[in-house]
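Trainee: I can follow a sequence, but I get lost in a fold. Could you pick a single part of this model and go through it closely, piece by piece?

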Amino acid sequence: MIHPILPYGIKGIIWYQGESNIEQGGPDFDVYRTLFPLMVDDLRKKLGHEVPFYYAQIAPYFNYNEMLPYFQSIQKSFSKISKMGMVTTLDIGEKFDIHPSNKHDVGDRFSRLALNRQYGLEMVDSGSLFKNAITKGMNLNVYFDHIGLGLVMTENKKTWFELAGEDKKYYNANVINKRNYLQIFSEKVPNPKYVRYAWSDTASATLYNEEGLPASPFSSEHELIINNISK
């Protein structure tokens, strides 16, 4: 379907896909993790230039058998590829509709990527992405890329942050927003080692940057696994 348009001049590509692939793998999604970058590379070779490629991280849905956050983590790893960018849709999904109706905000977020990276209109074009976590006593200090003018936590009974120690048993955690990083703690985890956020098929967004863009779900434990596989 794409081949007939290859002779045309193409400035960039946006891509929203992945729902059916969640059914095709375990938590490492070896096939998708291999094929998606290969597809992008193949398109770039056929187009004759490193065309910018922006894609949407798929939205929450109740029937993914708790595989969604693992898949989202794989999708997030693609953003490290040259001239790739990711739109997060954690806050605009519909938990019982696999194709959420709010495409306006999806389009707005795609336009930010293009306007900033291709057309030089300087703006924050991404929600915050997990960078690293540092243990400070009973706390984990969590740092992000793309924090914009600062981090914002919404008022919510559940933070959607969880902590675990060496045993990898996760407990709901409290959050203190330091604006340029988060301090995470739980009385049930006196020696925290791992942190994760929105790690569920039906998670809600509670973390944004000041520009109103939601942070991507993440797991520091799973990031270590993905990074080791990539090596």
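Mentor: I will take one sheet with the helices and the loop beside it, then add a short look at other strands.

The model is predicted, so local features need pLDDT of at least 70 and side-chain atom pairs count only at pLDDT 80 or more, while totals for chains, interfaces and linings use all residues. Residues are numbered from 1 along each chain as its sequence is written, and side-chain values use heavy atoms, with hydrogens and water left out.

Start with the sheet. It is open, has 3 strands in the order β1-β2-β3, and its pairing is parallel. Helices (H or I, at least four residues) and strands (E, at least two) are DSSP runs, numbered from the N terminus. Two strands pair if DSSP finds at least two bridges between them. In general, strands of a sheet pair through backbone hydrogen bonds, either parallel or antiparallel. Here β1 and β3 are the edge strands, each pairing on one side only. On average, neighbouring strands of this sheet are turned by 20° against each other, direction ignored. For such angles, axes are lines fitted to C-alpha atoms, for helices over the stretch in contact, and angles run from 0 to 180 degrees between N-to-C directions.

Now look at one pair of strands. β2 and β3 run parallel and are joined by 5 bridges. F53 has M84 in β3 as its bridge partner, and Q57 is bridged to T88 in β3.

β3 itself deserves a residue-by-residue reading. M84, M86 and T88 point one way from the strand, G85 and V87 point the other way, and all are buried. Buried means under 20% relative accessible area, exposed over 50%, and partly exposed in between, with a 1.4 Å probe and protein chains only. Because 5 of the 5 residues of β3 are buried, the strand is largely enclosed by the rest of the structure.

Two helices belong in this picture. Helix α1 (residues 30-47) packs on the sheet and touches β1, β2 and β3, and its direction makes about 155° with that of β2. Contact means heavy atoms within 4.5 Å. Helix α3 also lies across β1, β2 and β3, running at about 150° to β3.

α3 covers residues 104-117, and its 14 residues should span 20 Å at 1.5 Å a residue; its end C-alpha atoms are 20 Å apart, which agrees. The expected span is 1.5 Å times one less than the number of residues. In this helix V106, R109, F110 and L113 are buried. Seen down the axis of α3, the buried residues fall within an arc of 100°, so they line one face of the helix. That arc is taken over the directions from the helix axis to the C-beta atoms. The buried residues of α3 pack against β1 (13-15), β2 (53-57) and β3 (84-88).

Between the strand and the helix, stop at one residue. T89 is found in the loop between β3 and α3. T89 has a relative accessibility of 2%, so it counts as buried. Leaving aside neighbours within four places in sequence, T89 is in contact with Y16, Q57, I58, A59, P60, V106 and R109. V106 and R109 are among the buried residues of α3, and Q57 is the bridge partner of T88. A polar atom of the T89 side chain also lies 3.3 Å from the backbone nitrogen of A59. A polar contact is a pair of N or O atoms within 3.5 Å; within protein, one must be able to donate a hydrogen and the other to accept it, and residues adjacent in sequence count only if both atoms are side-chain atoms.

Finally, set an antiparallel sheet beside this one. An open sheet of 4 strands has the order β4-β5-β10-β9 and antiparallel pairing. Its edge strands are β4 (129-136) and β9 (174-177), each pairing on one side only. Neighbouring strands there are turned by 25° against each other on average, direction ignored. β4 pairs with β5 (residues 139-145) over 7 bridges in the antiparallel sense, and I134 stands opposite N141 in β5.

Elsewhere, β7 and β11 also pair in the antiparallel sense, over 4 bridges, and F161 has Y197 in β11 as its bridge partner. Y197 is buried, with a relative accessible area of 0%, and its side chain reaches the backbone nitrogen of L207 at 3.1 Å.
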